[in-house]
Amino acid sequence: MNSTEYIQLQRQIAKNVKRLRKEKNLSQLDLALLSDCSRNQVSRIENCEVNPSLLFLTKLAESLNTTVLELISK
């Protein structure tokens, strides 16, 4: 995977997390509490400032009642 593809994947994850969070009427704090992290961490993921680990993607997916595959899909 080249750097452009990596950045696109990071943006897709951010977009999907934000979309799914809003569809479920969750605030960033709500999602953070469900995922056992800080609101700042959720914000940083949604703003492409950090790359979540696979373990954390799994926690997010569970909290959003979805799959890791959906979080990384276009």
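The expected span of a helix is 1.5 Å times one less than its number of residues. Keep that in mind, because we'll use it right away on helix α1, which covers residues 3-23.

Oh, and before I go on: what you're looking at is a predicted model.

Okay, α1. It has 21 residues, so at 1.5 Å a residue it should span 30 Å. And how far apart are its end C-alpha atoms? They are 30 Å apart, which agrees.

Let's look at the two ends. At the start of α1, Asn2 has a side-chain oxygen that comes to within 3.0 Å of the backbone nitrogen of Thr4. At the other end, just after the helix, we meet Asn25, and that residue has a positive phi of about 55°.

Now, which residues of α1 are buried? They are Gln10, Gln12, Ile13, Ala14, Asn16, Val17, Leu20 and Arg21. And what do these buried residues pack against? Four other helices: α2 (28-35), α3 (39-46), α4 (54-63) and α5 (68-72).

That takes us to the core. The largest nonpolar core has 15 residues. Among those with the most contacts inside it are Ile13 and Val17, and also Leu31, Ile45, Leu60, Leu64 and Leu71. If you ask which elements give two or more residues to this core, they are α1, α2, α3 and α4. α4 gives the most, with four residues.

Let me zoom in on Ile13 for a second. Setting aside neighbours within four places in sequence, Ile13 is in contact with Ile45, Pro52, Leu57, Leu71 and Ile72.

One more buried residue in α1, and this one is an asparagine: Asn16 sits in the helix, and its relative accessibility is 3%, so it counts as buried. What does Asn16 touch, if we skip residues up to four places away in sequence? Glu70, Leu71, Ile72 and Ser73. With Ser73 there's a polar pairing to point out: the backbone oxygen of Ser73 is 2.7 Å from a polar atom of the Asn16 side chain.

Right, charges. Side chains of opposite charge can pair when their charged atoms come close. Here the count comes to four salt bridges.

Start with Arg21 and Glu46. They form a salt bridge, and the closest N and O atoms are 2.6 Å apart. Arg21 is in helix α1 and Glu46 is in helix α3, so this pair ties together parts that are 25 residues apart in sequence. Are these two buried or exposed? Both Arg21 and Glu46 are buried.

Next, Glu23 and Arg19, which form a salt bridge with their closest N and O atoms 3.2 Å apart. These two are four residues apart in helix α1, so about one helical turn separates them. Glu23 is exposed, with a relative accessible area of 52%, while Arg19 counts as partly exposed, at 33% relative accessibility. For Glu23, the cut-off is that exposed means over 50%. This pair also belongs to something wider: Arg19, Glu23 and Glu70 are linked in a network of salt bridges.

Finally, Arg44 and Glu49. This is another salt bridge, with the closest N and O atoms 3.7 Å apart. Arg44 is partly exposed, at 31% relative accessibility.

To wrap up, if you turn the model around yourselves, try following α1 from Asn2 near Thr4 at its start to Asn25 just after it. On the way, look for Ile13 and its contact with Leu71, then for Asn16, which touches Ser73, and then for Arg21 with its partner Glu46. Thanks, everyone.

How values were computed: Residues are numbered from 1 along each chain as its sequence is written. This is a predicted model: local features need pLDDT of at least 70, side-chain atom pairs count only at pLDDT 80 or more; totals for chains, interfaces and linings use all residues. Side-chain values use heavy atoms; hydrogens and water are left out. Buried means under 20% relative accessible area, exposed over 50%, partly exposed in between (1.4 Å probe, protein chains only). Contact means heavy atoms within 4.5 Å. A polar contact is a pair of N or O atoms within 3.5 Å; within protein, one must be able to donate a hydrogen and the other to accept it, and residues adjacent in sequence count only if both atoms are side-chain atoms. A nonpolar core is a set of buried Ala, Val, Leu, Ile, Met, Phe, Trp, Tyr and Cys residues joined through side-chain atoms within 4.5 Å. A salt bridge is a side-chain nitrogen of Lys or Arg within 4 Å of a carboxyl oxygen of Asp or Glu.
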